[in-house]
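Me: I'm new to this structure and would like a close look at one part of it. Could you pick out a single helix, walk me through it slowly, and show me how it sits in the rest of the chain?

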Amino acid sequence: MSLARPASQPIWKRSHYLERMTLRQLTLAFFQHPAVWCYLLLGVLSTIAAARLPASPIGILAAVAAAGLIYPLVWYALHRWVLHSRWMFKSPLTAGVWKRIHYDHHIDPNHLEVLLGALYTTLPTIALATAPMGWIIAGVPGAAAAFAAGLFITCGYEYVHCIEHLPYKPRSRALAYMKARHLEHHFHDESGNYGITNFAWDRLFGTLYVRSERPGKSPTVFNLGYTRDLARDYPWVAQRSGGDAPDRPVRKR
């Protein structure tokens, strides 16, 4: 059975599954995705704004550096304490968002269109994580520069995230390490290895692990604890998933 919609459709309207793609195919699909266009366009516009507004070059560089430092911590905190919490699926107000931005990715980790974040969640997060700090350091130009840095970092982060799910053996030892830790998060035990490209905060908070350290596989590694029993009490994610809460990955083609 085909894993993509007819080739006559625009590439951004097709479904792509990373386990059947090459690195070249991934790169082509990635840089034609509307979310990536949006990140790049806003990043360029923010860079132009930062460059045209009067500001100290040192302040601009400091704002960009601060954005690069804070980004991994923000992602770690959101990934661990928000996306892997069990409060989002318990409210009809947040269940749909949780399903779109994380539950679906764990149920089907190799679906490219699900893997890429939803703009209505990623753009506000990037802005809140970077712009205020940039503004404190260098005013409006600093906020624009920090926001641009966050957008470009997100593009790199998302691309590496895709490669981590691709049937591709990285030549880089650093990338191979990232890939191994991330796949353990998805296929062995989800309560650890929350970083995607940076595991410094996992190391600091004691959530970094290699598979040999945790011989038992987590029973909730795919469903994040949203079992059929819980779906009876909190049905909103299940209702959006065709009326069921799968305990194992289920791909709808």
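Reply: Happy to help; what follows is a walk along helix α3, then its neighbours, and then the wider chain.

A word on the model comes before the details. This is a predicted model, and the mean pLDDT of the protein chain is 90, with 90% of its residues reaching 70 or more. One stretch to treat with care is residues 1-6, where pLDDT stays under 50. For that stretch the model has 14 contacts beyond four places in sequence.

To set the scene, the protein chain has 10 helices and zero strands. Its radius of gyration is 19 Å, close to the 18 Å that the globule rule gives for 253 residues, so the chain is as compact as a globular protein of that length. The C-alpha trace spans about 55 × 45 × 40 Å along its principal axes. Of the 253 residues, 47% count as buried.

Now to α3 itself. This helix covers residues 57-83, which makes 27 residues. At 1.5 Å a residue they should span 39 Å, and the end C-alpha atoms are 37 Å apart, which agrees. Even so, α3 bends by about 30° at I70. A proline, P72, follows within four residues of that bend.

Which residues of α3 are buried? They are G59, I60, A63, A66, A67, Y71, P72, W75, Y76, H79 and L83. A general point helps in reading that list: an α-helix has 3.6 residues a turn, so residues three or four places apart point the same way. The elements that cover the buried residues of α3 include α2, α4 (95-107), α6, α7 and α8 (200-205).

Not every residue of α3 is hidden. W81 is found in this helix, and at 45% relative accessibility W81 counts as partly exposed. Leaving aside residues up to four places away in sequence, W81 touches Y76, W87 and F205. Y76 is itself on the list of buried residues in α3. For a sense of distance, W81 and W135 are 54 residues apart in sequence and 27 Å apart in space, C-alpha to C-alpha.

Let's step across to α4, one of the elements covering α3. A straight helix of 13 residues would span 18 Å at 1.5 Å a residue, whereas α4 spans only 15 Å between its end C-alpha atoms. There is a bend here too, of about 40° at I101. The buried residues of α4 are A95, W98, K99, H102, Y103, D104, H105, H106 and I107. Among the elements that cover them are α3, α5, α6, α7 and α10 (236-240).

Another neighbour of α3 is α7. The 15 residues of α7 should span 21 Å at 1.5 Å a residue; the end C-alpha atoms are 21 Å apart, which agrees. Buried in α7 are L175, M178, K179, R181, H182, E184, H185 and H186. These residues pack against α3, α4 and α6. Just beyond, in the loop between α7 and α8, is N193. N193 is buried, with a relative accessible area of 0%. Phi of N193 is near 55°, a positive value in a residue other than glycine. As background, most residues other than glycine have a negative phi.

Finally, here is how the nonpolar side chains gather. In the largest nonpolar core, of 23 residues, L18, L26, Y39, L112 and C162 touch the most other members. Helices α1 (23-30), α2 (34-52), α5 (112-115), α6 (119-164) and α7 (173-187) each supply at least two residues of this core. The most comes from α6, with eight residues. C162 touches L18, L26, F30, L112, L115 and L116, not counting residues up to four places away in sequence. Apart from this core lies another, of 11 residues, among them A95, W98, Y226 and V237. A95 and W98 are names you have already met, as buried residues of α4.

To return to where we began, α3 is a helix with a bend at I70, and its buried residues are covered by elements including α2, α4, α6, α7 and α8.

Terms used
Residues numbered from 1 in each chain as written. Predicted model: local features only at pLDDT ≥ 70, side-chain atom pairs only at ≥ 80, totals over all residues. Heavy atoms only, no water. Core = buried A, V, L, I, M, F, W, Y, C linked by side-chain atoms within 4.5 Å. Buried < 20%, exposed > 50% of the residue type's maximum accessible area, 1.4 Å probe, protein only. Contact = heavy atoms within 4.5 Å. pLDDT = per-residue confidence, 0-100. Expected span 1.5 Å × (residues − 1). Bend = angle between axes of the 7 residues up to and from the residue. Rg over C-alpha atoms; globule rule 2.2 N^0.38 Å.
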